[in-house]
Each structure stands twice: as structure tokens, then as C-alpha cells.
Amino acid sequence: KIAVGRQDDLLPRLCELHTQADAMRSASYLIARIMHANGDYEDAANYAEHAVKSRPELGRYRVLLATIYLDQGRVDDAEEIIEKLPLMMQKRFRKA
């Protein structure tokens, strides 16, 4: 978890990075993590969805999105994402 004071400094900068093409994927993922940690699941899901669309091959992006969906009570959507993960990642995710 990121300290609250640090989040206040970091989030505006990440939002700036989000608009830059090269940093967009990483910024979307990091913003989603921060918003998720803060309990802002709707916005977190939007940023995580963007990250997954931009880099669908990155499992950690999908795991974050599935976790956010679970926290929103969107179990079917989370299951759909989990089923698309490589088998090794599915096992790790289901242990958590």
C-alpha cells in the first residue's frame, strides 16, 4: 500500500503521464492500483480496463482488473478474465 501523503503527490503526476503515449499503459495500471487501494472501484476499473486493452498480454494487468471486479461484486466478469489467464497465473490468483 502507498502512504496517503505520497498518493496525493503521485496521483496528479500519474494522471499527467496518462496522456503521454509512451507512459500511458504503465500510468493506467498504476492509477488503477492507487484508486483500487483507495476504494474507488469504478474509476479503478476504468483505468485497469484501459491498461488491459493496451497490453492484453500482461497478466498482472488482467489480475488487477479481475480483483477490482471481484471487489465490485462482478464475479462473472472476474471469472471471464481469470479463465483467459495462463494456467500458472490462474493457480496463483485462486490461492489469494
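**View 1. His36 is a buried residue in this predicted model.** With a relative accessible area of 16%, His36 falls under the 20% cut-off, so it counts as buried. You'll find His36 in helix 2. What is His36 in contact with, leaving aside its neighbours within four places in sequence? The list runs Tyr41, Ala44, Leu64, Thr67, Ile68 and Asp71. Look out for Ala44, one of these partners, because it turns up again among the buried residues of helix 3.

**View 2. Helix 3 has a buried face.** Helix 3 covers residues 41-54. Its 14 residues should span 20 Å at 1.5 Å a residue, and the end C-alpha atoms are indeed 20 Å apart, so the two values agree. Which residues of helix 3 are buried? They are Ala44, Ala45, Ala48, Ala51 and Val52. Look down the axis of helix 3 and these buried residues fall within an arc of 125°, which means they line one face of the helix. Here's a handy bit of background: an α-helix has 3.6 residues a turn, so residues three or four places apart point the same way. Now check the other side of helix 3, where Glu42 and Lys53 are exposed.

**View 3. Two tyrosines, Tyr29 and Tyr61, make a stacked pair.** Searching the whole structure turns up one aromatic pair. Tyr29 and Tyr61 form it, with 4.7 Å from centre to centre and 20° between the planes. Planes under 30 degrees apart count as stacked, which is why this pair gets that label. The pair ties together distant parts of the chain: Tyr29 belongs to helix 2 (residues 24-37), Tyr61 belongs to helix 4 (residues 59-71), and they're 32 residues apart. Are these rings' residues buried or exposed? Tyr29 has 13% relative accessibility, so it counts as buried. Tyr61 is buried too, with a relative accessible area of 3%.

**View 4. Arg60 has its charged end over a ring.** Stay with Tyr29 for this one. The charged end of Arg60 sits over the Tyr29 ring, 5.8 Å from the ring's centre.

**View 5. Zooming out, the protein chain has six helices and zero strands.** From the N terminus on, the elements read α-α-α-α-α-α. Of the chain's 96 residues, 34% count as buried. Take the contacts between residues at least 6 apart in sequence: 40% of them join residues at least 24 apart. As for the outside, the accessible surface of the protein chain comes to about 6,200 Å², and 51% of that belongs to carbon and sulfur atoms.

Note on methods:
Residues numbered from 1 in each chain as written. Predicted model: local features only at pLDDT ≥ 70, side-chain atom pairs only at ≥ 80, totals over all residues. Heavy atoms only, no water. Phe/Tyr/Trp six-rings, centres within 6.5 Å; stacked < 30°, edge-to-face > 60°. Helix = DSSP H or I, 4+ residues; strand = E, 2+ residues; numbered from the N terminus. Buried < 20%, exposed > 50% of the residue type's maximum accessible area, 1.4 Å probe, protein only. Lys NZ or Arg CZ within 6 Å of the ring centre and 35° of its normal. Contact = heavy atoms within 4.5 Å. Areas by Shrake-Rupley, 256 points an atom, 1.4 Å probe, with all protein chains shown as cover. Expected span 1.5 Å × (residues − 1). Arc of directions from axis to C-beta.
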